[in-house]
Amino acid sequence: KIIKSSVAENNYHKIYKELLVFCSNDLSSFYFDIRKDTLYCDSPKSNNRKSTRTVLDLLFNYLVTWFAPILCFTTEEVRKSRFPEINNSVHEMEFLETKDEWNNSKLFEKWENIRSIRKVVTGAIELERKEKRIGSSLEAKPIVFVSNADYIDLLRNIDLPEIFITSQAELRSEEGPKNAFTLDDISDVSVICEIAEGNKCNRSWKILPEVGTDNDYPDLSLRDANVMREIDAKGY
């Protein structure tokens, strides 16, 4: 709605600002960052990977039309690069409608809170990197102390290493120690950043105790070993 109304008003600066924030904050530094492992390393048959590709397809089709009024030639080239068989121009397309059920305030609030918690974890990891105790975030094992019962409920069924982009993570429902990393605006969460235990998977780069336990693929995690077994069998 904002994009449509801004085009009608010839307010292209507003379109640019909205899309910049969306692409930078929501996509690049959050969704894309988290989903890289799924896209690169999960099985081609994985539902997580398939659903991610579906989301990326939707994003492409929405973004190419949203950007068309301000990136006229670029969006034309991008669309024809992906769909060379299509003859019509991107500028002949109408903006895609967004479904009402996508406007889910409870789901938005849930993920805003998860992102707030993740912000504390990321801060703790960055401090460890600054002190040269770790290089990549995959070398970290954050111990996350949460004293807010609502936050605990949010995180119970979440794949924490995936969200934090770490190899391992641990959640504790208690106050953190005095030396734990905290942020002033998120008082219920504190983090102690430990070093991940185990060996490095040569495919996903995750550090896990299980790496080395698969006889066929001793340099891979069990997930990656199973995927490579599938790929080798299918000849992908």
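1. Let us begin with a term: a charge sits over a ring if NZ of Lys or CZ of Arg is within 6 Å of the ring centre and within 35 degrees of the ring normal. With that in hand, look at Arg-115, which lies over the face of Phe-30 at 4.5 Å from the ring centre. A second case involves Lys-200, placed over the face of Trp-205 at 4.7 Å from the ring centre. Please keep in mind as you read that this is a predicted model.

2. Now turn to the sheet. In what order do the four strands of the open sheet come? The order is E2-E1-E4-E3, and the pairing is mixed. E2 and E3 stand at the edges with a single partner strand each, so one side of each has no neighbour in the sheet. From one strand to the next, the twist averages 25°.

3. Here is where the mixed pairing can be followed strand by strand. Strand E1 (residues 140-146) and E2 run parallel, joined by three bridges. A residue to find here is Phe-145, whose bridge partner in E2 is Arg-172. E1 also pairs with E4, in the antiparallel sense and over seven bridges. Within that pairing, Val-144 stands opposite Val-191 in E4.

4. The other edge is worth a look too. E3 and E4 pair in the antiparallel sense over two bridges, and a hairpin of two residues joins E3 to E4. Phe-181 has Val-191 in E4 as its bridge partner. Val-191 is also the residue that Val-144 stands opposite, which makes Val-191 a handy landmark when you trace the strands.

5. What packs on the sheet? Helix H5 (residues 105-130) does, touching E1, E3 and strand E4 (186-195). The direction of H5 makes about 40° with that of E4.

6. Next, a single residue: is Glu-175 buried or exposed? Residues count as exposed when the relative accessible area is over 50%. Glu-175 has 61%, so Glu-175 is exposed. You will find Glu-175 in the loop between strand E2 (170-172) and strand E3 (181-183). Leaving aside residues up to four places away in sequence, Glu-175 touches Phe-145 and Ser-147. Phe-145 is already familiar as the bridge partner of Arg-172 in E2. As for Lys-110, Glu-175 is 65 residues from that residue in sequence and 22 Å from it in space, C-alpha to C-alpha.

7. On to the aromatic rings. How many aromatic pairs does the structure hold? There are five, among them Phe-60 with Phe-83, an edge-to-face pair with 6.0 Å centre to centre and 75° between the planes. This pair links distant parts of the chain, 23 residues apart: Phe-60 belongs to helix H3 (residues 47-67), while Phe-83 is in the loop between helix H4 (72-82) and H5. Buried means under 20% relative accessible area. Phe-60 has 19%, so Phe-60 is buried.

8. Finally, Tyr-62 and Trp-66. Their ring centres are 5.4 Å apart and their planes stand at 50°. Why is this pair called tilted? Planes under 30 degrees apart count as stacked, over 60 as edge-to-face and the rest as tilted, so an angle of 50° makes the pair tilted. Both residues lie in helix H3, four residues apart, about one turn of the helix. Tyr-62 and Trp-66 are both buried. Ring pairs link these two residues with Trp-102 into a cluster.

Key:
Residues numbered from 1 in each chain as written. Predicted model: local features only at pLDDT ≥ 70, side-chain atom pairs only at ≥ 80, totals over all residues. Heavy atoms only, no water. Buried < 20%, exposed > 50% of the residue type's maximum accessible area, 1.4 Å probe, protein only. Contact = heavy atoms within 4.5 Å. Pairing = 2+ DSSP bridges. Axes fitted to C-alpha atoms, helices over the stretch in contact; angles between N-to-C directions. Phe/Tyr/Trp six-rings, centres within 6.5 Å; stacked < 30°, edge-to-face > 60°.
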